[in-house]
Amino acid sequence: MTQEIKFIPTERLYADVRSTMMPRLESLYSGGITGTGSGHCGSRHFADRYTEQCEAHINEITGRRHTFLTTSGTASIQLMLMAAGVAPGDEVICTNYSCPATVMPIRLLGATPVFVDLDRHGQQDLAQVAARVTERTRAVMVTDLYGDCCDYDQLQAIQVPVLNDSAQSLMTLYRGQQTAAIGDMSIQSFSTNKNCPIFGTYGAISTDDPDTAERIKLMRKNGYGNREVGTAINHIGINAHPQEDKAVQVLCSLEKLSGWQLRRSEIAQQLTDTLRSAGVQIRPSPDYSETNHHKFSIFVNDKKQFRDLMTQQGVETQLHYTYNFAKTEVLSTDTEQHMPMTEFYARHAISIPSNPWLTDSEVAQVAEAVKSCVTDKDLDIHIPAMPK
Ligand SMILES: Cc1ncc(COP(=O)(O)O)c(C=O)c1O
(Lines give C-alpha, C1' and ligand atoms only; values in the text may rest on other atoms or scores of the structure.)
Protein backbone atom coordinates (compact mmCIF):
# COMPACT_ATOMS: atom_id res chain seq x y z
CA MET A 1 0.00 0.00 0.00
CA THR A 2 1.49 3.34 -1.04
CA GLN A 3 1.47 6.27 1.34
CA GLU A 4 -0.77 9.34 0.92
CA ILE A 5 1.31 12.32 -0.19
CA LYS A 6 -0.03 15.72 0.77
CA PHE A 7 0.74 18.79 -1.28
CA ILE A 8 1.87 20.59 1.89
CA PRO A 9 2.29 18.48 5.04
CA THR A 10 1.89 21.14 7.75
CA GLU A 11 2.62 18.58 10.47
CA ARG A 12 6.13 18.24 8.99
CA LEU A 13 6.51 22.01 8.89
CA TYR A 14 5.58 21.95 12.58
CA ALA A 15 8.12 19.22 13.36
CA ASP A 16 10.75 21.35 11.60
CA VAL A 17 10.12 24.62 13.46
CA ARG A 18 8.79 23.32 16.76
CA SER A 19 12.03 23.55 18.76
CA THR A 20 12.61 27.19 17.83
CA MET A 21 8.98 28.29 17.72
CA MET A 22 7.46 26.84 20.86
CA PRO A 23 9.88 28.31 23.45
CA ARG A 24 9.49 31.73 21.87
CA LEU A 25 5.70 31.47 21.88
CA GLU A 26 5.66 30.13 25.43
CA SER A 27 7.77 33.06 26.56
CA LEU A 28 5.63 35.53 24.61
CA TYR A 29 2.29 34.24 25.89
CA SER A 30 3.45 33.85 29.47
CA GLY A 31 4.46 37.52 29.52
CA GLY A 32 8.21 37.04 29.86
CA ILE A 33 8.97 39.24 26.86
CA THR A 34 10.15 42.81 27.19
CA GLY A 35 10.54 44.62 23.92
CA THR A 36 11.50 47.88 22.36
CA GLY A 37 9.05 47.94 19.46
CA SER A 38 6.14 50.23 18.76
CA GLY A 39 3.64 48.23 20.84
CA HIS A 40 -0.10 48.86 20.58
CA CYS A 41 -2.49 49.75 23.35
CA GLY A 42 0.41 49.12 25.75
CA SER A 43 0.69 45.50 24.60
CA ARG A 44 3.89 43.73 23.56
CA HIS A 45 1.84 41.38 21.39
CA PHE A 46 1.83 43.83 18.48
CA ALA A 47 4.85 44.82 16.38
CA ASP A 48 7.83 44.42 18.64
CA ARG A 49 11.16 42.59 18.70
CA TYR A 50 10.19 39.51 16.67
CA THR A 51 8.56 41.71 14.05
CA GLU A 52 11.73 43.79 13.88
CA GLN A 53 13.89 40.66 13.59
CA CYS A 54 11.77 39.43 10.67
CA GLU A 55 11.98 42.81 8.97
CA ALA A 56 15.78 42.89 9.36
CA HIS A 57 16.01 39.31 8.08
CA ILE A 58 13.99 40.13 4.95
CA ASN A 59 16.13 43.21 4.31
CA GLU A 60 19.20 40.99 4.58
CA ILE A 61 17.85 38.48 2.05
CA THR A 62 16.52 41.01 -0.44
CA GLY A 63 18.95 43.89 0.00
CA ARG A 64 15.99 46.24 0.59
CA ARG A 65 16.49 49.15 3.01
CA HIS A 66 13.04 49.09 4.63
CA THR A 67 10.67 46.18 5.21
CA PHE A 68 7.43 46.07 7.19
CA LEU A 69 5.74 42.89 8.26
CA THR A 70 1.99 42.87 7.59
CA THR A 71 -0.95 40.57 8.19
CA SER A 72 -0.96 39.06 4.66
CA GLY A 73 0.40 39.29 1.15
CA THR A 74 -2.97 40.71 0.10
CA ALA A 75 -2.78 43.47 2.73
CA SER A 76 0.75 44.21 1.53
CA ILE A 77 -0.50 44.59 -2.05
CA GLN A 78 -3.20 46.95 -0.87
CA LEU A 79 -0.62 49.01 1.06
CA MET A 80 1.72 49.02 -1.93
CA LEU A 81 -1.03 50.40 -4.17
CA MET A 82 -2.08 52.96 -1.55
CA ALA A 83 1.52 54.08 -1.04
CA ALA A 84 1.82 54.53 -4.82
CA GLY A 85 -1.21 56.81 -4.66
CA VAL A 86 -3.57 54.54 -6.62
CA ALA A 87 -7.03 56.09 -6.45
CA PRO A 88 -10.44 55.83 -8.16
CA GLY A 89 -10.14 56.44 -11.91
CA ASP A 90 -6.53 55.23 -12.12
CA GLU A 91 -5.42 52.25 -14.15
CA VAL A 92 -2.98 49.64 -12.90
CA ILE A 93 -1.41 47.31 -15.46
CA CYS A 94 -1.24 43.83 -13.98
CA THR A 95 -1.17 40.12 -14.67
CA ASN A 96 -4.19 38.29 -16.05
CA TYR A 97 -3.37 35.06 -14.24
CA SER A 98 -2.50 34.40 -10.62
CA CYS A 99 -4.46 33.95 -7.40
CA PRO A 100 -7.28 36.54 -7.14
CA ALA A 101 -5.58 38.24 -4.17
CA THR A 102 -3.09 39.66 -6.63
CA VAL A 103 -5.49 42.00 -8.40
CA MET A 104 -8.45 42.30 -6.00
CA PRO A 105 -6.95 45.26 -4.08
CA ILE A 106 -6.83 47.27 -7.33
CA ARG A 107 -10.62 47.05 -7.58
CA LEU A 108 -11.01 47.64 -3.87
CA LEU A 109 -9.30 51.03 -4.29
CA GLY A 110 -11.67 51.94 -7.13
CA ALA A 111 -8.99 51.66 -9.81
CA THR A 112 -9.17 49.65 -13.04
CA PRO A 113 -6.94 46.63 -13.60
CA VAL A 114 -5.52 46.53 -17.14
CA PHE A 115 -4.58 42.93 -17.78
CA VAL A 116 -1.66 41.54 -19.76
CA ASP A 117 -1.29 37.90 -20.73
CA LEU A 118 1.41 35.42 -19.75
CA ASP A 119 4.49 34.42 -21.69
CA ARG A 120 5.32 30.77 -22.38
CA HIS A 121 7.04 30.40 -18.98
CA GLY A 122 3.84 31.33 -17.15
CA GLN A 123 5.17 34.80 -16.30
CA GLN A 124 3.38 38.10 -16.88
CA ASP A 125 4.49 39.18 -20.35
CA LEU A 126 6.12 42.52 -19.67
CA ALA A 127 6.71 43.04 -23.41
CA GLN A 128 2.96 43.81 -23.60
CA VAL A 129 3.06 46.51 -20.93
CA ALA A 130 4.26 49.50 -22.99
CA ALA A 131 1.29 49.16 -25.36
CA ARG A 132 -1.16 49.33 -22.46
CA VAL A 133 0.16 52.51 -20.82
CA THR A 134 -2.28 55.46 -20.99
CA GLU A 135 -2.44 58.84 -19.28
CA ARG A 136 -4.48 57.15 -16.52
CA THR A 137 -1.82 54.52 -15.75
CA ARG A 138 -0.71 54.99 -12.15
CA ALA A 139 1.47 51.89 -11.82
CA VAL A 140 2.53 48.59 -13.31
CA MET A 141 2.17 45.70 -10.92
CA VAL A 142 4.42 42.78 -11.79
CA THR A 143 3.69 39.28 -10.50
CA ASP A 144 6.29 36.53 -10.56
CA LEU A 145 4.77 33.05 -10.62
CA TYR A 146 5.78 29.45 -9.91
CA GLY A 147 9.07 30.53 -8.29
CA ASP A 148 10.40 32.07 -11.50
CA CYS A 149 10.19 35.70 -12.45
CA CYS A 150 9.25 38.06 -15.26
CA ASP A 151 11.73 39.52 -17.71
CA TYR A 152 12.21 42.84 -15.93
CA ASP A 153 14.49 44.33 -18.59
CA GLN A 154 11.35 44.66 -20.71
CA LEU A 155 10.23 47.45 -18.35
CA GLN A 156 13.25 49.67 -18.87
CA ALA A 157 11.50 52.42 -20.82
CA ILE A 158 8.37 52.51 -18.64
CA GLN A 159 7.90 55.84 -16.89
CA VAL A 160 5.42 54.66 -14.24
CA PRO A 161 6.09 53.16 -10.78
CA VAL A 162 6.80 49.42 -10.78
CA LEU A 163 5.13 47.55 -7.93
CA ASN A 164 6.43 44.05 -7.47
CA ASP A 165 4.18 41.24 -6.24
CA SER A 166 7.03 38.91 -5.31
CA ALA A 167 4.79 36.75 -3.09
CA GLN A 168 6.06 33.64 -4.87
CA SER A 169 9.61 34.71 -5.58
CA LEU A 170 11.46 35.21 -2.31
CA MET A 171 15.03 33.98 -3.07
CA THR A 172 14.41 33.91 -6.85
CA LEU A 173 17.14 35.66 -8.83
CA TYR A 174 16.64 37.77 -11.95
CA ARG A 175 19.98 37.88 -13.77
CA GLY A 176 21.67 37.33 -10.42
CA GLN A 177 19.62 39.89 -8.48
CA GLN A 178 16.94 39.11 -5.87
CA THR A 179 13.64 39.81 -7.61
CA ALA A 180 12.20 41.28 -4.42
CA ALA A 181 14.80 44.05 -4.76
CA ILE A 182 13.28 45.14 -8.08
CA GLY A 183 10.66 47.88 -8.36
CA ASP A 184 9.65 50.89 -6.27
CA MET A 185 8.12 48.49 -3.73
CA SER A 186 7.82 44.73 -3.40
CA ILE A 187 5.75 42.40 -1.24
CA GLN A 188 5.96 38.94 0.29
CA SER A 189 3.46 36.33 1.40
CA PHE A 190 4.21 33.70 4.04
CA SER A 191 1.09 31.70 3.27
CA THR A 192 1.25 27.96 4.02
CA ASN A 193 1.66 27.25 0.30
CA LYS A 194 4.68 29.57 -0.18
CA ASN A 195 8.37 28.65 -0.11
CA CYS A 196 8.72 30.38 3.28
CA PRO A 197 5.46 29.12 4.82
CA ILE A 198 3.82 29.56 8.20
CA PHE A 199 0.54 28.25 9.64
CA GLY A 200 -2.00 30.46 7.87
CA THR A 201 -0.53 33.54 6.29
CA TYR A 202 1.40 36.73 6.90
CA GLY A 203 3.03 39.27 4.62
CA ALA A 204 5.66 41.94 4.18
CA ILE A 205 6.20 45.06 2.11
CA SER A 206 9.59 46.53 1.22
CA THR A 207 10.96 49.71 -0.30
CA ASP A 208 14.25 51.59 -0.49
CA ASP A 209 12.69 55.03 -0.26
CA PRO A 210 12.63 56.46 3.29
CA ASP A 211 9.56 58.67 2.70
CA THR A 212 7.55 55.81 1.26
CA ALA A 213 8.70 53.68 4.21
CA GLU A 214 7.45 56.27 6.67
CA ARG A 215 4.04 56.36 5.00
CA ILE A 216 3.75 52.57 4.83
CA LYS A 217 4.53 52.33 8.53
CA LEU A 218 1.60 54.61 9.31
CA MET A 219 -0.72 53.12 6.71
CA ARG A 220 -0.31 49.59 8.04
CA LYS A 221 -1.60 50.83 11.41
CA ASN A 222 -4.77 52.70 10.45
CA GLY A 223 -2.79 55.84 9.66
CA TYR A 224 -1.41 56.70 13.11
CA GLY A 225 1.91 56.33 14.92
CA ASN A 226 1.08 55.89 18.57
CA ARG A 227 -1.34 57.39 21.03
CA GLU A 228 1.17 59.34 23.11
CA VAL A 229 2.53 61.63 20.42
CA GLY A 230 0.71 63.70 17.85
CA THR A 231 -2.96 64.28 17.49
CA ALA A 232 -3.13 64.19 13.70
CA ILE A 233 -4.01 61.17 11.62
CA ASN A 234 -2.11 61.87 8.44
CA HIS A 235 -2.95 58.91 6.26
CA ILE A 236 -5.76 56.66 5.30
CA GLY A 237 -4.69 53.28 6.55
CA ILE A 238 -5.77 49.73 7.22
CA ASN A 239 -5.19 47.34 10.09
CA ALA A 240 -2.28 45.36 8.71
CA HIS A 241 -0.26 45.87 11.88
CA PRO A 242 1.63 42.66 12.70
CA GLN A 243 1.35 40.59 15.86
CA GLU A 244 4.31 39.08 17.64
CA ASP A 245 3.06 35.49 17.74
CA LYS A 246 2.75 35.43 13.95
CA ALA A 247 6.11 37.20 13.66
CA VAL A 248 7.60 34.31 15.69
CA GLN A 249 6.27 31.89 13.06
CA VAL A 250 7.67 33.97 10.21
CA LEU A 251 11.05 34.30 11.93
CA CYS A 252 11.32 30.55 12.57
CA SER A 253 10.55 29.86 8.91
CA LEU A 254 12.99 32.51 7.68
CA GLU A 255 15.69 30.82 9.78
CA LYS A 256 14.96 27.52 7.97
CA LEU A 257 14.57 28.97 4.50
CA SER A 258 18.03 28.35 3.05
CA GLY A 259 17.90 24.66 4.06
CA TRP A 260 14.44 24.30 2.55
CA GLN A 261 15.66 25.92 -0.65
CA LEU A 262 18.47 23.37 -1.01
CA ARG A 263 16.02 20.50 -0.54
CA ARG A 264 13.53 22.02 -3.00
CA SER A 265 16.26 22.23 -5.58
CA GLU A 266 17.25 18.53 -5.10
CA ILE A 267 13.60 17.48 -5.37
CA ALA A 268 13.03 19.54 -8.51
CA GLN A 269 16.08 17.90 -10.08
CA GLN A 270 14.86 14.39 -9.17
CA LEU A 271 11.38 15.10 -10.56
CA THR A 272 12.76 16.72 -13.72
CA ASP A 273 15.10 13.82 -14.46
CA THR A 274 12.38 11.18 -14.10
CA LEU A 275 9.54 13.04 -15.76
CA ARG A 276 11.49 14.48 -18.67
CA SER A 277 12.76 11.06 -19.68
CA ALA A 278 9.13 9.85 -19.63
CA GLY A 279 8.14 12.66 -22.01
CA VAL A 280 6.02 14.57 -19.47
CA GLN A 281 5.63 18.26 -20.39
CA ILE A 282 7.20 20.33 -17.60
CA ARG A 283 6.57 24.08 -17.33
CA PRO A 284 9.70 25.70 -18.76
CA SER A 285 11.84 28.07 -16.68
CA PRO A 286 13.27 31.16 -18.38
CA ASP A 287 17.06 31.29 -18.89
CA TYR A 288 17.39 34.67 -17.17
CA SER A 289 16.00 33.50 -13.83
CA GLU A 290 17.22 31.24 -11.06
CA THR A 291 14.08 29.72 -9.62
CA ASN A 292 13.27 29.23 -5.93
CA HIS A 293 11.37 26.03 -6.93
CA HIS A 294 8.23 27.32 -5.25
CA LYS A 295 6.05 25.12 -7.48
CA PHE A 296 6.68 22.19 -9.77
CA SER A 297 4.10 22.34 -12.53
CA ILE A 298 3.44 20.18 -15.53
CA PHE A 299 1.01 20.39 -18.45
CA VAL A 300 -1.67 17.77 -19.01
CA ASN A 301 -4.60 17.64 -21.36
CA ASP A 302 -7.38 17.80 -18.77
CA LYS A 303 -6.06 18.93 -15.41
CA LYS A 304 -9.15 18.12 -13.35
CA GLN A 305 -9.30 14.60 -14.71
CA PHE A 306 -5.57 14.21 -14.06
CA ARG A 307 -5.99 15.49 -10.51
CA ASP A 308 -8.64 12.83 -9.87
CA LEU A 309 -6.38 10.08 -11.20
CA MET A 310 -3.50 11.31 -9.02
CA THR A 311 -5.81 11.33 -5.99
CA GLN A 312 -6.57 7.68 -6.66
CA GLN A 313 -2.79 7.10 -6.58
CA GLY A 314 -2.65 8.79 -3.17
CA VAL A 315 -0.96 11.99 -4.42
CA GLU A 316 -2.49 15.42 -3.86
CA THR A 317 -2.07 17.98 -6.66
CA GLN A 318 -3.16 21.62 -6.99
CA LEU A 319 -4.71 23.40 -9.98
CA HIS A 320 -2.44 26.45 -10.25
CA TYR A 321 -4.41 28.30 -11.62
CA THR A 322 -7.88 28.17 -13.11
CA TYR A 323 -8.59 31.91 -13.43
CA ASN A 324 -8.71 34.23 -16.41
CA PHE A 325 -9.12 37.65 -14.80
CA ALA A 326 -10.04 39.39 -18.06
CA LYS A 327 -13.07 37.12 -18.36
CA THR A 328 -14.21 37.71 -14.77
CA GLU A 329 -17.01 40.23 -14.44
CA VAL A 330 -16.11 41.58 -10.99
CA LEU A 331 -12.57 42.32 -12.16
CA SER A 332 -12.86 43.16 -15.83
CA THR A 333 -14.48 45.93 -17.83
CA ASP A 334 -14.02 44.01 -21.11
CA THR A 335 -14.70 40.30 -20.79
CA GLU A 336 -14.21 39.76 -24.53
CA GLN A 337 -10.41 40.09 -24.33
CA HIS A 338 -8.47 37.16 -25.76
CA MET A 339 -5.66 35.90 -23.54
CA PRO A 340 -4.37 32.77 -25.28
CA MET A 341 -1.50 31.93 -22.93
CA THR A 342 -3.71 32.36 -19.86
CA GLU A 343 -6.20 30.01 -21.50
CA PHE A 344 -3.45 27.46 -22.08
CA TYR A 345 -2.19 27.62 -18.49
CA ALA A 346 -5.69 27.68 -17.01
CA ARG A 347 -6.59 24.50 -18.89
CA HIS A 348 -3.37 22.54 -18.70
CA ALA A 349 -1.04 23.59 -15.83
CA ILE A 350 -1.16 21.57 -12.62
CA SER A 351 1.27 21.48 -9.67
CA ILE A 352 2.56 18.27 -8.14
CA PRO A 353 4.04 17.96 -4.61
CA SER A 354 7.59 19.31 -4.36
CA ASN A 355 7.68 20.52 -0.76
CA PRO A 356 11.00 20.28 1.09
CA TRP A 357 9.73 17.63 3.53
CA LEU A 358 9.35 14.92 0.90
CA THR A 359 11.73 11.99 1.27
CA ASP A 360 13.52 10.66 -1.81
CA SER A 361 11.20 7.66 -1.90
CA GLU A 362 8.14 9.92 -1.74
CA VAL A 363 9.51 12.01 -4.60
CA ALA A 364 9.93 8.77 -6.54
CA GLN A 365 6.32 7.85 -5.65
CA VAL A 366 5.08 11.23 -6.95
CA ALA A 367 7.00 10.77 -10.20
CA GLU A 368 5.76 7.19 -10.64
CA ALA A 369 2.18 8.33 -10.03
CA VAL A 370 2.52 11.02 -12.71
CA LYS A 371 3.96 8.50 -15.15
CA SER A 372 1.12 6.08 -14.54
CA CYS A 373 -1.58 8.78 -14.86
CA VAL A 374 -0.43 10.54 -18.04
CA THR A 375 -1.92 9.46 -21.35
CA ASP A 376 -0.68 9.96 -24.93
CA LYS A 377 -2.84 13.08 -25.12
CA ASP A 378 -1.00 14.53 -22.10
CA LEU A 379 2.41 13.79 -23.62
CA ASP A 380 1.32 15.53 -26.79
CA ILE A 381 0.56 18.89 -25.14
CA HIS A 382 2.62 21.80 -26.48
CA ILE A 383 2.74 25.42 -25.43
CA PRO A 384 1.22 27.49 -28.25
CA ALA A 385 3.40 29.96 -30.12
CA MET A 386 3.25 33.49 -28.72
CA PRO A 387 1.04 35.80 -30.82
CA LYS A 388 3.11 38.31 -32.83
C1 LIG B 1 1.22 35.96 -6.45
C2 LIG B 1 0.48 36.13 -5.16
N3 LIG B 1 0.14 37.35 -4.76
C4 LIG B 1 -0.51 37.57 -3.61
C5 LIG B 1 -0.85 36.55 -2.77
C6 LIG B 1 -1.61 36.83 -1.53
O7 LIG B 1 -0.93 36.47 -0.37
P8 LIG B 1 -1.73 36.11 0.97
O9 LIG B 1 -2.36 34.78 0.75
O10 LIG B 1 -0.65 36.10 2.00
O11 LIG B 1 -2.72 37.19 1.20
C12 LIG B 1 -0.49 35.24 -3.14
C13 LIG B 1 -0.76 34.07 -2.28
O14 LIG B 1 -1.76 33.56 -2.03
C15 LIG B 1 0.17 35.03 -4.36
O16 LIG B 1 0.51 33.79 -4.76
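In this predicted model, Thr-67 has Ser-206 of strand S9 as its bridge partner. The pair belongs to a longer run of contacts: strand S1 and strand S9, the latter spanning residues 203-207, are joined by 5 bridges and run antiparallel. As a general reminder, the strands of a sheet pair through backbone hydrogen bonds, in either a parallel or an antiparallel sense.

Stepping back from this pair, S1 and S9 begin the strand order S1-S9-S8-S5-S4-S2-S3 of an open sheet of 7 strands, in which the pairing is mixed. Strand S1 (66-70) and strand S3 (112-116) each have a single partner strand, so one side of each is left without a neighbour in the sheet. On average, and with direction ignored, neighbouring strands of this sheet are turned by 20° against each other.

Two helices that pack on this sheet deserve a look. Helix H3, made of residues 73-83, touches S1, strand S2 (91-95), strand S5 (162-165), strand S8 (185-189) and S9. The direction of H3 makes about 170° with that of S8. Helix H6 (residues 210-219) also packs on the sheet, where S1, S8 and S9 are the strands it touches. The angle between the directions of H6 and S9 is about 155°.

A ligand is surrounded by 15 residues, of which Ser-72, Gly-73, Thr-74, Ala-167 and Ser-189 come nearest. Sorted by class, this shell holds 11 polar residues, along with 3 nonpolar and 1 charged.

The model also contains an open sheet of 3 strands, ordered S7-S6-S11 and paired in the antiparallel sense. Its edge strands, S7 (177-178) and S11 (289-290), each pair on one side only. Strand S6 (residues 173-174) runs antiparallel to S11, and 2 bridges join them. Within this pairing, Leu-173 stands opposite Glu-290 of S11.

Turning to helix packing, the axes of helix H1 (residues 10-29) and helix H7 (residues 244-277) come within 9 Å and cross at roughly 155°, which means that H1 is roughly antiparallel to H7. The crossing of these two helices is right-handed. On the H1 side, the contact is made by Asp-16, Val-17, Thr-20, Met-21, Arg-24, Leu-25 and Leu-28. H7 contributes Glu-244, Asp-245, Val-248, Gln-249, Cys-252, Ser-253, Glu-255 and Lys-256. By class, the residues of the H1 and H7 contact comprise 6 nonpolar, 6 charged and 3 polar.

Methods: Residues numbered from 1 in each chain as written. Predicted model: local features only at pLDDT ≥ 70, side-chain atom pairs only at ≥ 80, totals over all residues. Pairing = 2+ DSSP bridges. Helix = DSSP H or I, 4+ residues; strand = E, 2+ residues; numbered from the N terminus. Axes fitted to C-alpha atoms, helices over the stretch in contact; angles between N-to-C directions. Parallel < 35°, antiparallel > 145°, perpendicular 65-115°, else oblique. Left-handed = near helix turned anticlockwise from the far one by under 90°. Contact = placed C-beta atoms within 7 Å. Nonpolar A, V, L, I, M, F, W, Y, C, P; charged D, E, K, R; others polar. Near = placed C-beta within 6 Å.
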